[in-house]
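Me: I am new to this structure and would like to learn how to read its features. Could you walk me through them?

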Amino acid sequence: MVKIIKKDLIEEVFARTNNVNKIVVKDIIDKLFNVIVEKLNNEDELNIEIRGFAIIKKRKVKSRKVYNFKEKKIIKSKRNYKISIKPAKEIKL
């Protein structure tokens, strides 16, 4: 399995662009990730569609009844959110 970190992405984009400073490439990638994280944190339900890459969906999950083994009671869990990523058709997995 190959592990790619943000630094590797910055290096790859820098290598493919001409006459662009590495600091500018880093700022653009940082701002892109920051915008995605902010939108995911601030919105209740959200679809982020990046054509040719993926669709990132955030949706609410219903609260459920859960058994607490310590107290031996059935309690309701909190409403949570689920994030799913659906790759584009161009990406062959």
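**A guided reading**

Reply: Gladly, and we can begin at the surface: Val-2, Ile-4, Leu-9, Leu-32 and Phe-33 make a nonpolar surface patch of about 490 Å². This is a predicted model, where local features need pLDDT of at least 70, side-chain atom pairs count only at pLDDT 80 or more, and totals for chains, interfaces and linings use all residues. Residues are numbered from 1 along each chain as its sequence is written, and side-chain values use heavy atoms, with hydrogens and water left out.

Me: What goes into a patch?

Reply: Patches are made of residues with over 30% relative accessible area and no salt bridge; like charges are joined within 9 Å, and nonpolar side chains (Val, Leu, Ile, Met, Phe, Trp, Tyr) within 5 Å. The areas come from the Shrake-Rupley method with a 1.4 Å probe, and for residues only the protein chains shown count as cover. Leu-32, one of the patch residues, counts as partly exposed because its relative accessibility is 48% (buried is under 20%, exposed over 50%, partly exposed in between; 1.4 Å probe, protein chains only).

Me: Where is Leu-32 found?

Reply: Leu-32 is in helix α2, residues 22-42 (helices, H or I with at least four residues, and strands, E with at least two, are DSSP runs numbered from the N terminus). The 21 residues of α2 reach 30 Å from first C-alpha to last, close to the 30 Å expected at 1.5 Å a residue (the expected span is 1.5 Å times one less than the number of residues).

Me: Which residues of α2 are buried?

Reply: They are Val-25, Ile-29, Asp-30, Ile-36 and Leu-40. These residues lie on the same side of α2, because they cover an arc of only 125 degrees around the axis (taken from the directions from the helix axis to the C-beta atoms). They pack against α1 (6-16), β1 (46-50), β2 (54-61) and β5 (80-87), contact meaning heavy atoms within 4.5 Å. On the face turned away from the buried side, α2 carries the exposed residues Ile-23, Ile-28, Lys-31, Asn-41 and Asn-42.

Me: How many salt bridges does a search of the whole structure find?

Reply: Five are found (a salt bridge is a side-chain nitrogen of Lys or Arg within 4 Å of a carboxyl oxygen of Asp or Glu). In one of them, the side chains of Lys-6 and Asp-30 meet at 2.7 Å, N to O. That pair links distant parts of the chain, with Lys-6 in helix α1 and Asp-30 in helix α2, 24 residues apart. Asp-30 also meets Lys-26 in a salt bridge, at 2.9 Å, N to O. Asp-30 and Lys-26 are both in helix α2, four residues apart, about one turn of the helix. Lys-6, Lys-26 and Asp-30 are thus linked in a network of salt bridges.

Me: Is Asp-30 buried or exposed?

Reply: Asp-30 counts as buried because its relative accessibility is 15%. Lys-6, at 40%, counts as partly exposed, and so does Lys-26, at 41%.

Me: What should I know about phi?

Reply: Most residues other than glycine have a negative phi. Asn-19 has a positive phi, near 60 degrees, and lies in the loop between α1 and α2. Lys-72 is not a glycine either, yet its phi is positive, about 55 degrees. The place of Lys-72 is the loop between β3 (65-68) and β4 (73-76).
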